[in-house]
Amino acid sequence: MDADAGLCATCQHARRIESARGSRFLLCGRSIDDPRFAKYPPLPVVRCTGYEEAAASGERADGPADR
């Protein structure tokens with residue numbers, strides 16, 4: 001994940017979304033259950049109360065989205 005995403009680059013709740021036209025976005029998984037979080041937050045995110053670092057196993061925003 002690009003460092004320009006800020007905290008989202010290493011957050012376990014971030015998911016990379018790519019449109020049919022090739023545009024890329026980061027979806028905040030926290031937004032699904034909690035309206036306090038933006039679905040697509042403006043980047044870079046430098047502070048976030050929902051941030052949780054992804055596991056060391058390499059599960060990051062550019063990893064699998066089947067969780």
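Where in the chain is the place of Pro-44? The figure legends below take up this residue and several other sites in a predicted model.

**Figure 1. The cis peptide bond at Pro-44.** Pro-44 has its place in the segment after β2. The peptide bond that joins Leu-43 and Pro-44 is cis, with omega at about 5°. Most peptide bonds are trans. Both Leu-43 and Pro-44 touch Ala-5, a residue that also appears in the next view.

**Figure 2. The largest nonpolar core.** This core has 7 residues in all: Ala-5, Cys-8, Ala-9, Cys-11, Ala-14, Leu-26 and Val-45. Leaving aside residues up to four places away in sequence, Ala-5 touches Leu-26, Leu-43, Pro-44 and Val-45. Of these partners, Leu-26 and Val-45 belong to the core as well. Cys-8, another core member, is buried, and its relative accessible area is 11%. In soluble globular proteins, nonpolar side chains tend to be buried together.

**Figure 3. Cysteines without a disulfide.** A disulfide is a covalent bond between the sulfur atoms of two cysteines. How many disulfides does a search of the whole structure find? The search finds 0. For Cys-8, the closest cysteine sulfur is in Cys-11; the two sulfurs do not bond because 6.4 Å is too far. The cut-off used here is 2.5 Å between the sulfur atoms. For Cys-28, the closest cysteine sulfur belongs to Cys-48, and the distance of 5.9 Å is again too far for a bond. Cys-28 has a relative accessibility of 13%, so this residue counts as buried.

**Figure 4. The salt bridge between Arg-30 and Glu-52.** Side chains of opposite charge can pair when their charged atoms come close. In this view the side chains of Arg-30 and Glu-52 meet, with 2.2 Å from N to O. The pair links distant parts of the chain: the two residues are 22 residues apart, with Arg-30 in the segment after β2 and Glu-52 in the segment after β2. Arg-30 counts as partly exposed, at 26% relative accessibility. Glu-52 also counts as partly exposed, at 33%.

**Figure 5. The salt bridge between Asp-34 and Arg-36.** The whole structure holds 2 salt bridges, and one of them joins Asp-34 to Arg-36. Their closest N and O atoms are 2.6 Å apart. Is Asp-34 buried or exposed? Asp-34 counts as buried, at 17% relative accessibility. Arg-36, by contrast, is exposed, with a relative accessible area of 67%.

**Figure 6. A nonpolar patch on the surface.** Which residues form this patch? They are Ile-17, Phe-25 and Tyr-40, and together they have about 270 Å² of accessible area. Phe-25 lies in strand β2, which covers residues 24-28. The relative accessible area of Phe-25 is 41%, so this residue is partly exposed.

**Figure 7. The protein chain as a whole, for comparison with the close-ups.** The secondary structure comes to 0 helices and 2 strands. The chain has 67 residues, of which 30% count as buried. Its accessible surface is about 4800 Å², and carbon and sulfur atoms account for 50% of that area. Among contacts with a separation of 6 or more, 51% are between residues 24 or more positions apart.

Methods: Residues are numbered from 1 along each chain as its sequence is written. This is a predicted model: local features need pLDDT of at least 70, side-chain atom pairs count only at pLDDT 80 or more; totals for chains, interfaces and linings use all residues. Side-chain values use heavy atoms; hydrogens and water are left out. A nonpolar core is a set of buried Ala, Val, Leu, Ile, Met, Phe, Trp, Tyr and Cys residues joined through side-chain atoms within 4.5 Å. Buried means under 20% relative accessible area, exposed over 50%, partly exposed in between (1.4 Å probe, protein chains only). Contact means heavy atoms within 4.5 Å. Patches are made of residues with over 30% relative accessible area and no salt bridge: like charges are joined within 9 Å, nonpolar side chains (Val, Leu, Ile, Met, Phe, Trp, Tyr) within 5 Å. Accessible areas come from the Shrake-Rupley method with a 1.4 Å probe; for residues, only the protein chains shown count as cover. A salt bridge is a side-chain nitrogen of Lys or Arg within 4 Å of a carboxyl oxygen of Asp or Glu. Helices (H or I, at least four residues) and strands (E, at least two) are DSSP runs, numbered from the N terminus.
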